[in-house]
Every structure is written in structure tokens, then in C-alpha cells.
Amino acid sequence: MSRHRNVRGYNYDEDFDDDDMYGQSVDDDYCCISPATANQFIYSRQERQAPKEEPLEEEGYEDEDVPISPTVNHNLDPLDQAKLYSCLDHMRTVLGDAVSDSVLSQAAIRCGFDPQRALDAVLSEDTKTALVAKTTSEETASVLRVSQEKAPLPQRTKQAAVAEKAKNRDVTHNKLDSEVVPKVARMTVSGKKQTMGFDVPSTGENGVVSASVRRGGSPENATVTPASEATSKRPETPSKGSNGDEPTTVPTPGRSGKAKQTINIKAELEKRQGGKPLLNLVVIGHVDAGKSTLMGHLLYLLGNVNKRTMHKYEQESKKAGKASFAYAWVLDETGEERDRGVTMDVGMTKFETNSKVVTLMDAPGHRDFIPNMITGAAQADVAVLVVDASRGEFEAGFEAGGQTREHALLVRSLGVTQLAVAVNKMDQVNWQQERFQEIISKLGHFLKQAGFKESDVFYIPTSGLSGENLITRSSVAQLTSWYTGPSLLEQIDAFKAPQRSVDKPFRLCVSDVFKDQGSGFCVTGKIEAGYIQTGDRILAMPPNETCTVKGITLHDEALDWAAAGDHVSLTVTGMDIIKINVGCVFCDPKEPIRVCTRFRARILLFNIEVPITQGFPVLLHYQTVSEPATIRKLISVLHKSSGEVLKKKPKCLGKGMNAIVEIQTQRPVSLELYKDYKELGRFMLRYVGSTIAAGVVTEIKE
């Protein structure tokens, strides 16, 4: 039992102090608490009563007391004092707690304890009178203190006791006064007794109390207190020295900033990017098409990777026997990715063009890592599809089982409409125009079927290893003889930036969670809608936990705010890291995202080998979530273009069909309707390693 004892706080001397083993119970032997601990936690009646029997010698400290509140004039004789109390009671019944005791007692004394006259005086009193009252009350207090010091000791203690009682009553009323205005403002604006979303009113220079309203409330409803009333209350607010209630009248700096920026968030966004819109770009394609090499070389030519680092990569890759992988190592940073020579996770970086700020996501091409590729594609606005021009390689990627088709279908289903096709490794076929045209004709037909408009698809011949036609137009005679179009960087620059949902409530899908130095932990993800500032309270769903944003980082740069479209890292506190998983959604607490396990959706089936029936198991890919699910009901088959119902309650669904189904997930997921949030209403269904359908959420059940 010794290891359970409070060994550190144990006083070993006690064992030898008394030998009276019969004077204690057996249980006492295991208590092992020191006298200090006992004094702190064990109740003792003698000690409890000790403060009452304090000696009266501590006269020196009374001078330093806080000035006694002038509620009652203690120089009055008992008869006048009784009249004063009676008069105060009359006035309280009429005025309630709107005016403090000090003002009422001053008025009562001035009016000779006549309740009616005193009431008239209080109600007609203007700002100057209130201020004068304050100064006179302070003088009265000082006179009272002087008279107390001159008084004999027993009388003084009696007076001090009465004054202390009066002071306590005055302070409580003052607290009420200072809180009265915020409560009115809160209830009037939000309809609930909660401060969320509103600033505590601050008294302005002219005495008007203004409640600044945050997003979601209408400023018209905010009640503004008249100037005279606000100023008459100001003198009675307790001073900072007397008690710490001052923050109730001072707004927190973070919130006032929020209200200020709500108005011009779009202007701030333009200012921050120097007029350059943000573009999220995902690079997709079959495995070994040269995606990482192409983008690594592009970054090197742009100056995002310095020569020293590049030289190091070249030396290391030569040692590993993979000299051609040097540029790929710019984006493939982990040891395993470099050893295996394939991208496994989405690599993310940033670069700038003449008119855009581009967030680059390098997606894996291997079919084993398609869930990671879906995560990257779900966060993208535009895509670069890389295909291998060398003989046999393009066909391998494009035919059944290749990832070129599947990747193109996935990005189109996830809302990407603009696509640049980089026909890579053209130097291996000597920049032949015939090969380029052959690839264009095959791909163009398929992409049109997948739903891309011909005007939104652009084809660029490139070479990732030699760097031809990447950031400047090529000077190779074999290419310039037949190709006069833009380089890859010029094409990326020419993409149209999408509209951001800055005005909608805040939504952020978590793509990674990690513990950082200091308090709290970090989550990374793309802000799908709305905007956020440091100090905001946000709600995590499905865990339904709130936390506070302590810091915002965008591309390793600390910011005070971030808006829709940004890939940010948030440092949050006030919540356990265990409760947050990849796939959680952070949202606005006032307008949370809905959580459900059953929902209805409209799906489009791809080339599937097995028909879909009721109870069919699938893997639901939604934003960064990968969740096992079941198709519970087949509700109807729809016409592809018009959307009219062709058949109700079908027995099974075949390839190419458009249908409405009900899906049930094993665990709750956070979803939005497609009509409300296009970005958050899309999902993919996969079965045994292949994508079988894409869909949009039409109805959330529970």
C-alpha cells in the first residue's frame, strides 16, 4: 500500500511525536496527510470563528481603504436616517434599479426627505447635475472619513460597519447599472440571452452607447440608449480601482475588428493579393506521366526552388540511381515517395503568375492512392491533366484500367470545368505533330463525353525534363514549325478565377490535424465559404465542439484573417485533439453545417461491371472524408438531360444511368445541399478500387 500514499507531502516526524496508538482509529493510519494539507482542506470550527475575534489594533490600514460609498449620510440622527430610508423605499418603487442609491439619497437629503420632490429632482436632473452630484458625493465621502477618524474607537467601528453594509449595497446596484445596457442590447438584437455575435456596448465620446453588430444580425434592430440617460449612468459606474467590473463597458478588441471588417472583406481580399485573384490548381494524370517532374521544373524555372537545393537533389537522385527524378523531388518530399519513385500524397505549394496567385496541388497518379487524389481534386478550381506522349504509354493510361480517364471523370464530377492538357515527353517522339493530333482527337472525344466544354479545354505540348514550353514559348524548331500557342504557364495564367462564396457562413473542411508547439493544435484545410479571423469561436461538426482560433497561417505566413478559397492552417484551443478527425467541418456556430447518416442524392453511374441493387456497399468520398456507406433505396431513374422521372422504384441500376438514391453512412457525416453550397454538395462513390458514380446531395434525412 505504500505506493498509494501521499509520500511527497507526508510529514515523517508525526510518526514519532506521540506513541498513543490507541487514541486513533485504524483508518487514520492510511490517511497520510501533512498538517499543511489538513489546514487547507479540513474544516476546523475554532479557525472558522477566529476572524470574528480579530483585535482592533489595525487602525493604520483604515486610511488606505477604498472611499466609502456615500449611500447614507452617517452624520444624521436616527430619526432623519429612518426618514431617509422610508423616502428611498418610496423612490425605489417608482424608479426600480435605474438610478443608484447614492444619487437617490443625495436628492432625498436635498429635498428634506419628501419623496415626490426628490423624485422630480432625480427625473429632471440633467448631465451637469449628475456630474456635480458625483463630485459632491466624493466630498461627502472624504468629510465622512475625516469625521470617522476623529471619532472615538468603538463609535468608529460601528460607523464603519454600517458604511460597509451601505457600500456593499451601492456596489451591487452599480454592477446592475453597468450591466443594464448590454443586456438590453443583447436581447433586442439577437433574441437570445447570449453575447455571441455582438459587441458589448461601449460608451462613446458623446455619451451614446452603441452596439456594433456582427455578421448575421441586422443593425436596425439594435437599441441605442439616449445620450442623457447614458451620461447620467456614467458617474455611477464603479471605478477601476474599486472593483474589476470595467471590462463590461469596454468592447474586446478582436470583436470590434470583426465588425469593422465585415463591411469591406472583398476590398481587403483584393488589397491583400495585390489585385491578383487566387486559383487552386490540381495536377492529375496516369502514373509515370511526369506530373511531379513537370511541376517541379516549372517551380525551379520560376525561381521558387533555389539552385543550391536543386543541385543537392540532382546529386542525391544520381546516387539513388534515379537521375531523371531530380525535379520530381521538389514536390515528392518524403523518403518513401523518393524511394518508390511515385507520388503518394498530395504535395502542396504556391507560385505566382503575372495575374494570379496559384496554389498548386500535385496529386498521386497511382490507382492505390486515388482517395488522396480525390482529396486534392475536391479542393481545386482548375486542373492540368498530364498525358505521356511516348508510344504505348498514352494508350496504357487511356485504355481501360488506366488513370487518365478516371482522373478526368473525377475532377469533372468534383466541379472542375477548366482543364489544360499538358502533352508531356514530346521530346521522346521528336515533337511530331501527327502524334500530338492523334492524342488530341482521342482525348477530346472522351473529355466532351465527360462533360467538359471544348472551349474550356486547352492542349499544350511540353517536356518536363528539358523544360521546353513550360514558362516561355519554346524555341525548338521542330515544335515552332507547327505550334504557335501559349506555354503552360501562360495557359495557367489565362484561366478564369471562380467566384468565391465570401458572403456565406464560414465552412472549412479539415484535411490534416497535427500537434504544434505551444498550446492548442493545428488543423489544415481549404476554406470553402465565408471568412475567419483570429479570436473567432468556431464549431466543429460532427463532434459538435466549439473552439477558439488563436492563429491563421497561409503558405507559412501568419495572417489576421483568411477568406474562401484559401488553404490555411488554423491554430485552435479549447478543444481536445482526439475529437477532431480528417473530414470534420469547422463552421459558424450561429449557422452550423448539418450532420446526418441518411441522405438522398442524384447520382450518375460510370462504366460499372456489377449492377447496383438495394443494399449495395460503397465507399463515400466527400471532400476529405472517406466513409463506408450503403445504398438503402433506389428511388427513381431520371432522364439524363431533362431530369424527368423515367421509372420509379427500379430493381437495379446499370451503367450510364442517372438516378435518385438514398444512401446511409456508418458514421455521421457533415453535408450541405448542392443548391446551397456547390462545393460541399458533391461526392463520389467507389467500389472495390474503382469509381462507380458521382453525385450531388439533394435532401438530408437525419
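Student: Arg412 has its charged end over a ring; which residue owns that ring?

Tutor: Keep in mind that this is a predicted model. A charge counts as sitting over a ring when, among other things, CZ of Arg is within 6 Å of the ring centre. The charged end of Arg412 is 5.9 Å from the centre, and the ring is that of Phe452.

Student: And which ring does the charged end of Arg405 sit over?

Tutor: Here the distance to the ring centre is 4.5 Å. The ring belongs to Phe398.

Student: Phe398 also pairs with Phe394, so is that pair stacked or edge-to-face?

Tutor: Start with where they are: both lie in helix H16 (residues 393–398), 4 residues apart, or about one turn of the helix. Their ring centres are 5.4 Å apart, with 10° between the planes. Planes under 30 degrees apart get one label, so with 10° the pair is stacked.

Student: Is Phe394 buried or exposed?

Tutor: The cut-off for buried is under 20% relative accessible area. Phe394 comes in at 3%, so the call is buried.

Student: Ring pairs link Phe394 and Phe398 into a cluster with which other residue?

Tutor: By the ring-pair rule the model has 9 aromatic pairs. Ring pairs join Phe394 and Phe398 with Phe446.

Student: What about the rings of Phe599 and Phe683: how far apart in sequence are the parts that this pair ties together?

Tutor: The ring centres are 5.6 Å apart and the planes are at 80°, so this one is edge-to-face. Both residues are buried. Phe599 lies in strand E18 (residues 594–605) and Phe683 in strand E25 (residues 682–687), so the parts tied together are separated by 84 residues.

Student: Let's move to the largest nonpolar core; which helix gives the most to it?

Tutor: That core has 74 residues, and Leu281, Val421, Leu443 and Leu447 have the most contacts inside it. Leu447, leaving aside neighbours within four places in sequence, is in contact with residues including Val421, Phe452 and Tyr459. The top contributor, with 7 residues, is helix H18 (residues 433–450).

Student: How many residues are in the other core that lies apart from it?

Tutor: Cys587, Leu605, Leu680 and Val697 are among its members. The count for this core is 38 residues.

Student: One last residue: is Gln403 buried or exposed?

Tutor: Gln403 lies in helix H17 (residues 403–413). Beyond four places in sequence, its contacts include His286, Arg367 and Ile370. With a relative accessible area of 2%, Gln403 is buried.

Notes:
Residues are numbered from 1 along each chain as its sequence is written. This is a predicted model: local features need pLDDT of at least 70, side-chain atom pairs count only at pLDDT 80 or more; totals for chains, interfaces and linings use all residues. Side-chain values use heavy atoms; hydrogens and water are left out. Rings of Phe, Tyr and Trp (its six-membered ring) pair if their centres lie within 6.5 Å; planes under 30 degrees apart count as stacked, over 60 as edge-to-face and the rest as tilted. Helices (H or I, at least four residues) and strands (E, at least two) are DSSP runs, numbered from the N terminus. Buried means under 20% relative accessible area, exposed over 50%, partly exposed in between (1.4 Å probe, protein chains only). A charge sits over a ring if NZ of Lys or CZ of Arg is within 6 Å of the ring centre and within 35 degrees of the ring normal. Contact means heavy atoms within 4.5 Å. A nonpolar core is a set of buried Ala, Val, Leu, Ile, Met, Phe, Trp, Tyr and Cys residues joined through side-chain atoms within 4.5 Å.
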